[in-house]
Amino acid sequence: MASTIAFIISGLIIGLAFGYVLQRGRFCVNSAFREVLFQDYTMIRAYRLAVAITMVCANLIEDMHWLQHVENGVMVTGELYRQGFAPYANIIGGFIFGMGIVLAGGCGSGILYRVGEGNLAYVLAVCGFFFGIAIMRFGFLKPVFDALTSYQVFTGGDQVPTLYNITGINKWIIIAVVAAPILYFVFLGKPFQKAKKGYSWALAGLLVGIIATAAFWASYHYTGRARGLSFTGPVREFFLAVLFGNSQVPAPESKTFLGITMSWSALYVLAVPIGAVLSAKLLSEFKLKVPPADELFKVLLGGFLMGLGAQLGGGCNIGHSLTGVSTLAVSSWVANIFIILGNWVMVYFLLIRPMRALDV
């Protein structure tokens with residue numbers, strides 16, 4: 001496995017690049033899902049383009065055997081990590097997470113890059129995200145977590161269900177069937193137009209897909225597991241490293257330096273806001289902001305709900321809606337559907353219903 005220096009630098013580079021692109025392209029999955037209800041399809045096109053790019057490229061590097069490492073003198077070929085299907089947890093957790101991102105005003109990655117823009121409300125959102133994760137994983141809600149995640153569905157004995165192994169259809173046929181309408185929808189949005197400032201939605205979606213694919217390769221190369229991008233486990237691992245000096249992730253997915261044992265994924269969590277700061281500074285968009293108390297409370301509550309739902313559901317908008325969906329894991333497709341439904345329910349009660357009341 002890689003040296004400690006390469007381990008650290010690779011994690012930081014992935015996070016810096018991701019944070020930079022998120023800020024410069026204003027890429028946020030919460031916005032993508034929410035704005036559909038207001039007939040604005042700009043960000044959903046960026047999101048779908050990122051999914052299509054990641055789906056094709058990540059499965060390509062898997063099938064071309066680019067996920068390889070030498071272990072005890074033997075070449076070992078790896079696979080993309082696909083999360084097990086825990087239907088009750090995926091459904092309930094996804095729905096709760098979807099509601100939380102509306103209250104917080106950003107998804108798992110969105111709140112991190114907005115910290116880099118200087119908005120202090122999102123510092124509370126990130127803290128609330130961790131508190132929710134910790135309470136669900138280690139606190140008084142742990143019995144709920146254990147009960148709902150204990151029921152898992154497998155196919156073919158002990159295989160993780162995917163869209164291709166439960167249907168018996170070739171994986172690349174499914175990818176083609178999914179990607180073709182996505183790309184058609186993307187091209188309806190005139191993807192070659194330039195943005196007045198920052199990145200266009202199409203360039204942002206393209207770069208997010210490339211970085212997500214690179215994260216699959218890098219996570220495998222440096223840790224031995226093609227985990228890709230996610231923010232639920234990594235945020236937990238980052239806070240555990242900061243608070244207790246240990247991400248509580250075994251080697252080779254973590255290494256010890258300066259007396260702290262930190263996971264590779266925690267490193268990119270650290271770097272995402274830094275990448276966003278660099279972009280915001282260059283665009284003259286960095287500004288320290290302290291919202292009013294009621295806004296701070298709403299964002300904190302939203303982050304807390306996000307943490308509860310993400311830990312229970314096995315992932316966030318990036319872990320499920322981008323990374324997991326791209327691997328064709330059934331768990332991520334189901335969780336993503338309920339993330340969207342939770343988002344839409346909260347948007348209705350928080351935004352649409354009050355607007356209708358004013359029109360009466």
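Let me start with helix H13 and its buried residues, which in this predicted model are Val 299, Gly 302, Gly 303, Leu 305, Met 306, Gly 307, Leu 308, Gly 309, Ala 310, Gln 311, Leu 312 and Gly 313. What covers these residues? The cover includes helix H4 (87-104), helix H5 (108-115), helix H6 (121-137), helix H7 (142-150), helix H11 (232-244) and helix H14 (317-326).

The geometry of H13 can be checked against expectation. The helix runs over residues 293-313, and at 1.5 Å a residue its 21 residues should span 30 Å. The C-alpha atoms at its ends are 30 Å apart, so the model agrees with that figure. Just after H13 comes Gly 314, with a positive phi of about 85 degrees.

I turn now to the nonpolar cores. The largest nonpolar core has 94 residues, and those with the most contacts inside it are Phe 18, Phe 27, Leu 229 and Phe 231. Helix H3, residues 42-63, gives the most to this core, with 10 residues. In general, nonpolar side chains in soluble globular proteins tend to be buried together. As for Leu 229, if we leave aside neighbours within four places in sequence, its contacts are Ile 14, Phe 18, Ile 211, Ala 212, Ala 215, Tyr 268, Ile 318, Gly 319 and Thr 323. A second core, separate from the other, has seven residues, including Leu 67, Leu 80, Phe 216 and Ala 226.

Next, the charged residues. How many salt bridges are there? The count comes to 12. Glu 62 takes part in a salt bridge with Arg 82, at 2.9 Å from N to O. Glu 62 is in helix H3, whereas Arg 82 is in the loop between strand E2 (74-77) and H4, so this pair ties together parts that are 20 residues apart in sequence. Glu 62 also meets Lys 171 in a salt bridge, again with an N to O distance of 2.9 Å. Here Lys 171 belongs to helix H9 and Glu 62 to helix H3, so the pair ties together parts that are 109 residues apart in sequence.

Are these three side chains in buried or exposed residues? Glu 62 counts as buried because its relative accessibility is 7%. Arg 82 is likewise buried, at 11%, and Lys 171 is buried at 11% as well.

A contrasting case is found in helix H7. The side chains of Lys 142 and Asp 146 form a salt bridge of 2.8 Å, N to O. Both residues lie in H7, four residues apart, about one turn of the helix. An α-helix has 3.6 residues a turn, so residues three or four places apart point the same way. Lys 142 is partly exposed, with a relative accessible area of 30%, and Asp 146 is partly exposed at 32%. Elsewhere, salt bridges link Arg 26, Glu 117, Lys 197 and Glu 285 in a network.

Arg 24, in helix H1 (residues 4-25), deserves separate mention. What is the nearest side chain of opposite charge to Arg 24? That side chain is Glu 285, 7.5 Å away; Arg 24 is buried yet has no salt bridge. The cut-off for a salt bridge is 4 Å, which is why a separation of 7.5 Å does not qualify. The side chain of Arg 24 does have a polar contact of 3.2 Å with the side chain of Ser 279. Beyond four places in sequence, the contacts of Arg 24 are Gly 198, Tyr 199, Ser 279, Leu 282 and Leu 283.

Another buried polar residue is Asn 343, in helix H15 (residues 330-359). Asn 343 counts as buried because its relative accessible area is 0%. Apart from neighbours within four places in sequence, Asn 343 is in contact with Asn 30, Phe 33, Arg 34, Gly 98, Met 99, Ile 101 and Val 102.

I finish with two loop residues. Phe 38 sits in the loop between helix H2 (29-36) and H3, and at 37% relative accessibility it counts as partly exposed. Not counting residues up to four places away in sequence, Phe 38 touches Val 347, Leu 351, Ile 352 and Met 355. Lys 190, in the loop between helix H9 (171-188) and helix H10 (201-223), is exposed, with a relative accessible area of 55%. From C-alpha to C-alpha, Lys 190 and Ala 241 are 44 Å apart in space, and they are 51 residues apart in sequence.

Note on methods: Residues are numbered from 1 along each chain as its sequence is written. This is a predicted model: local features need pLDDT of at least 70, side-chain atom pairs count only at pLDDT 80 or more; totals for chains, interfaces and linings use all residues. Side-chain values use heavy atoms; hydrogens and water are left out. Buried means under 20% relative accessible area, exposed over 50%, partly exposed in between (1.4 Å probe, protein chains only). Contact means heavy atoms within 4.5 Å. The expected span of a helix is 1.5 Å times one less than its number of residues. Lys and Arg count as positive and Asp and Glu as negative; His and the chain ends are not counted. A polar contact is a pair of N or O atoms within 3.5 Å; within protein, one must be able to donate a hydrogen and the other to accept it, and residues adjacent in sequence count only if both atoms are side-chain atoms. A nonpolar core is a set of buried Ala, Val, Leu, Ile, Met, Phe, Trp, Tyr and Cys residues joined through side-chain atoms within 4.5 Å.
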